[in-house]
Amino acid sequence: MIVMGIESSCDETGVGVVSWDGEAATLLADEVASSQAEHARYGGVVPEVASRAHLEAMVPTMTRAREAAGIDRPDAIAVTIGPGLAGALLVGVAAAKAYALAWDVPLYAVNHLGGHVAVDTLEHGPMPSAVALLVSGGHTHLLGIDALATPIDELGTTIDDAAGEAFDKVARLLDMGYPGGPAIDVAARDGDPHAIAFPRGLTGPRDAAYDFSFSGLKTAVARYVEGEVRAGREVSVPDVAASFQEAVADVLTAKAMRAVAERGVDTLVLGGGATANSRIRSLAQERADAAGVQLRVPAPRLCTDNGVMVATLGAHVIGGGAPPSPLTVATDPGMSVQVSKL
């Protein structure tokens, strides 16, 4: 079976194609058109700009994906229906419905976040019971995974800023531009991660074990920079970047490892665009190795939003025997991670 996935939840227009043999998916095509450069002038994603970019990119991206996969049409289409930006989701879902109707193939409306977990199977094989840490500009979640075709157990999430959003805001504060994650990662290489004792949010004994908070950390960075400027001292951007990055990586990986231990599993999966950060990856590997836990991390290209992850989740949903979604299915910008499909 050939499954096509369409992703348009934020600022990437993704069309991916996988083949499904009943047990595993194999990547056939992965085409992405990003509007990130258009948002850079605003310092973040502008929903209206993203929606227009999806409209312009959808057909060319679809054409490239079909040509790369060597197919005229797939056997099924999966599409991200949520969570995400309302207008951006509408473009992808409308396109998926149109293609499904024109090609007379079934449509599967799936969860964007589940796709970030499912895509790991393309590189590392079947997914065992695991804990997944998803980190991106819009999401920070700890998830309990038993099977990809069944509802995912949300263990914890952010109560304010997502980790990737905090990276963007701190980068803006340091005049690094957008997107902030890569810029901070590069600057941190020349800094001391222990130079500044930034706070670790929600890590007290009475705090929620698996929830995250990065708003206070962002404010602490702003106050530190303001204090240095008032005192007439030069701000060490590398030290600020490294210390901030260390605080984020420390909290993310510590809570993830706690969830792994308390759930009694031996696999941790990383997903989402912010997991391309070198310190998050290296600290997760250090702590996983120390605990005898297997760490599974997709290639950086597969961590960011793409159609392949949607196609892969769709293939697993189909393999689990789920019926197709109706062509009347609506988008759900606030979709719960515990819903794998509509």
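Analyst: Contact, as used here between helices, means heavy atoms within 4.5 Å. The model is predicted.

User: What makes α9 and α10 partners in a contact?

Analyst: Residues of the two helices meet within that cut-off. On the α9 side they are Gln245, Glu246, Ala249, Asp250, Leu252, Thr253, Ala254 and Met257, and on the α10 side Arg279, Ile280, Leu283, Ala284, Arg287, Ala288 and Ala291. By class, this contact has 9 nonpolar, 2 polar and 4 charged residues.

User: How is the packing of helix α9 and helix α10 described?

Analyst: Two packed helices are described by the angle between their axes and the distance between the axes. For α9 (residues 237-263) and α10 (residues 278-291), the angle is about 35° and the axes are 9 Å apart. The crossing of α9 past α10 is right-handed.

User: Which angle word, oblique or roughly perpendicular, fits α2 and α3?

Analyst: The axes of α2 (residues 47-69) and α3 (residues 86-103) cross at roughly 40° and come within 9 Å. Roughly parallel needs an angle under 35 degrees, and roughly perpendicular needs 65 to 115, so roughly 40° counts as oblique. α2 passes α3 in a right-handed crossing. From α2 the contact takes Ser51, His54, Leu55, Met58, Val59, Met62 and Arg66, and from α3 it takes Gly87, Ala88, Val91, Gly92, Ala95, Tyr99 and Trp103. These divide into 9 nonpolar, 4 polar and 1 charged residues.

User: Why does α6 get the angle word it has against α7?

Analyst: Their axes come within 8 Å and cross at roughly 65°. The range for roughly perpendicular is 65 to 115 degrees, and therefore α6 is roughly perpendicular to α7. The crossing of α6 past α7 is left-handed. Phe167, Asp168, Val170 and Ala171 of α6 make the contact with Gly180, Gly181 and Ile184 of α7.

User: How many polar residues does the contact of α6 with α7 have, and what makes them count as polar?

Analyst: There are 2 polar residues, beside 4 nonpolar and 1 charged. Gly counts as polar here, so Gly180 and Gly181 fall in that class.

User: What makes the space of about 920 Å³ a pocket rather than a cavity?

Analyst: A pocket is an open set of points, whereas from a cavity a 1.4 Å probe cannot get out. The space of about 920 Å³ is the largest pocket. It is lined by 38 residues, and the closest to its centre are Ser136, Gly137, Gly138, Asp168 and Tyr178. Two or more lining residues come from each of α4 (112-118), α6 (163-173) and α7 (180-188).

User: Which element gives the most to that lining, and how does the lining divide by class?

Analyst: α6 gives the most, with 6 residues. The lining has 13 nonpolar, 17 polar and 8 charged residues.

User: Where are the cis peptide bonds at proline 83 and proline 179, and what are their omega values?

Analyst: One runs from glycine 82 to proline 83, with omega near -10°. Proline 83 lies in the loop between β4 (76-82) and α3. Another joins tyrosine 178 and proline 179, with omega about 0°. Proline 179 sits in the loop between α6 and α7.

User: What is noted about the phi of aspartate 104?

Analyst: Aspartate 104 is not a glycine, yet its phi is positive, at about 55°. This residue is in the loop between α3 and β5 (107-111).

How values were computed
Residues are numbered from 1 along each chain as its sequence is written. This is a predicted model: local features need pLDDT of at least 70, side-chain atom pairs count only at pLDDT 80 or more; totals for chains, interfaces and linings use all residues. Side-chain values use heavy atoms; hydrogens and water are left out. On a 1 Å grid over the protein atoms alone, a cavity is a set of points where a 1.4 Å probe fits but cannot get out, and a pocket is an open set with protein on both sides within 12 Å along at least five of seven lines; lining residues have an atom within 4 Å of a point. Grid points are joined across faces, edges and corners, and a volume is the space filled by probe spheres set on the points. Helices (H or I, at least four residues) and strands (E, at least two) are DSSP runs, numbered from the N terminus. Axes are lines fitted to C-alpha atoms, for helices over the stretch in contact, and angles run from 0 to 180 degrees between N-to-C directions. Angles under 35 degrees count as roughly parallel, over 145 as roughly antiparallel, 65 to 115 as roughly perpendicular and the rest as oblique. A crossing is left-handed if the near helix is turned anticlockwise from the far one by less than a right angle, and right-handed if clockwise.
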